[in-house]
Structure formats: structure tokens, C-alpha cells
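Subject: Structure for your review

Dear colleague,

Please find below the structure that I am handing over to you. My notes on it follow directly after.

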Amino acid sequence: MDVRLIESLTDAGIDVNSAIERFMGNESLFERFLKKFLEDSNYHDLLAAISSGDSEGALKSSHTLKGICGNLSMNHLFDLLTRQVSLFREQRWKEATEMMSDITESYINITQAIRRNFS
């Protein structure tokens, strides 16, 4: 992976070195999973669940997205989702849903960086 790509992904909130370690040094496998992240529906499912007031669906989507972000070392988004999952579990719906602006900003930064670098 070239320095420009690493910097771009790092600026978007991805700990590239940690992720590559997690993928046992296989950069092409990591890149493949980053591209697959764009196809994952959990962020959109989370938005839909919140919009419809579906607390179980929101918890499930947030938790699943959190796991994916953790595996891909999307640390900032992972941390936000970890907090949101806790709030959903504590039945603190208002606080959990108020996190969506920060979650959306981080999600957009990451997806734009992936598209910009792998399109």
C-alpha cells in the first residue's frame, strides 16, 4: 500500500497498520474487505430502524456495524457505535439516536475515502 493511500484512509479514521496486521499482512484481502464495506447495509438499516422507532432493529444494526468497523480498524466509528450500542441496551433511545450525526459524519468520511481510493 502506498503512502498516499495509507494517509487518505488514516485521515478518514481507519488505522491501516492495525487492520493490515489483523489481516495477517495481506493488503489485498484488506482492500477487498474495505470495498465490501461499501455494500454492507447495516448503516442504512440503522437509519431505517431509528426512523421507524424499531429499537431492536436499531440495536442489531448498530451492534453488527460496530463489529465490522472493529474488524476493519475504523476506530473512531467503532468507538461511536460502541457507545451507541451501550445506550440502546440501557434503553436510552434519545441519547443513542442523537449520536447519529457524529456516526453519519464518520461513516461518510470512511465511505468517501474508500470510493476515492478504490474506484
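A residue is called exposed when its relative accessible area is over 50%, buried when that area is under 20%, and partly exposed in between. By this standard Lys-94, at 58% relative accessibility, counts as exposed. Please bear in mind throughout that this is a predicted model.

Salt bridges

Lys-94 takes part in a salt bridge with Glu-98, in which the closest N and O atoms are 2.4 Å apart. Both residues belong to helix α7 and are four residues apart, about one turn of the helix. In an α-helix there are 3.6 residues a turn, so residues three or four places apart point the same way. Glu-98, with a relative accessible area of 46%, is partly exposed.

Salt bridges that share partners also join Glu-90, Arg-92 and Glu-95 into one network. Within this network, the side chains of Arg-92 and Glu-90 meet at 2.6 Å, N to O. Arg-92 also forms a salt bridge with Glu-95, the closest N and O atoms again being 2.6 Å apart. Each of the three members is partly exposed: Arg-92 at 30% relative accessibility, Glu-90 at 43% and Glu-95 at 35%. Over the whole structure, the search finds three salt bridges.

Aromatic pairs

The count of aromatic pairs comes to five. One of them is formed by Phe-23 and Phe-33, a tilted pair with 5.3 Å centre to centre and 55 degrees between the planes. This pair links distant parts of the chain, ten residues apart: Phe-23 is in the loop between α2 (16-22) and α3 (27-37), while Phe-33 is in helix α3. Phe-23 is buried at 13% relative accessibility, whereas Phe-33 is partly exposed at 38%.

A further pair is made by Phe-37 and Tyr-107. Their ring centres are 5.8 Å apart and their planes stand at 50 degrees, so this pair is tilted as well. Because Phe-37 lies in helix α3 and Tyr-107 in helix α8 (residues 100-118), the pair ties together parts that are 70 residues apart in sequence. Both rings belong to buried residues, with relative accessibilities of 2% for Phe-37 and 7% for Tyr-107. In addition, Phe-23, Phe-30 and Phe-33 form one aromatic cluster.

The nonpolar core

Phe-30 and Phe-37 are also among the residues with the most contacts inside the largest nonpolar core, which has 34 residues; the others so ranked are Leu-9, Ile-14, Leu-34, Met-74 and Ile-103. Two or more residues of this core come from each of α1 (3-11), α2, α3, α4, α5, α6 and α8. Helix α8 gives the largest share, seven residues.

What does Leu-9 contact, leaving aside its neighbours within four places in sequence? Its partners are Met-1, Ile-14, Val-16, Leu-34, Ala-113, Asn-117 and Phe-118.

Helices α4 and α5

Helix α4 (residues 42-52) has Asn-42, Tyr-43, Leu-46, Ala-49 and Ile-50 as its buried residues. Viewed down the axis of α4, these residues fall within an arc of 125 degrees, so they line one face of the helix. The face turned away from that buried side carries the exposed residues Ser-51 and Ser-52. The buried residues of α4 pack against α5 (55-71), α6 (75-89), α7 (93-98) and α8. Just after α4, Gly-53 adopts a positive phi of about 75 degrees.

In helix α5, the buried residues are Gly-57, Ala-58, Ser-61, Ser-62, Leu-65, Lys-66, Cys-69 and Gly-70. The elements that cover them include α2, α3, α4, α6 and α7. As to length, the 17 residues of α5 should span 24 Å at 1.5 Å a residue, and this agrees with its end C-alpha atoms, which are 24 Å apart.

Yours sincerely

Key. Residues numbered from 1 in each chain as written. Predicted model: local features only at pLDDT ≥ 70, side-chain atom pairs only at ≥ 80, totals over all residues. Heavy atoms only, no water. Phe/Tyr/Trp six-rings, centres within 6.5 Å; stacked < 30°, edge-to-face > 60°. Buried < 20%, exposed > 50% of the residue type's maximum accessible area, 1.4 Å probe, protein only. Arc of directions from axis to C-beta. Contact = heavy atoms within 4.5 Å. Core = buried A, V, L, I, M, F, W, Y, C linked by side-chain atoms within 4.5 Å. Salt bridge = Lys/Arg side-chain N within 4 Å of Asp/Glu carboxyl O. Expected span 1.5 Å × (residues − 1).
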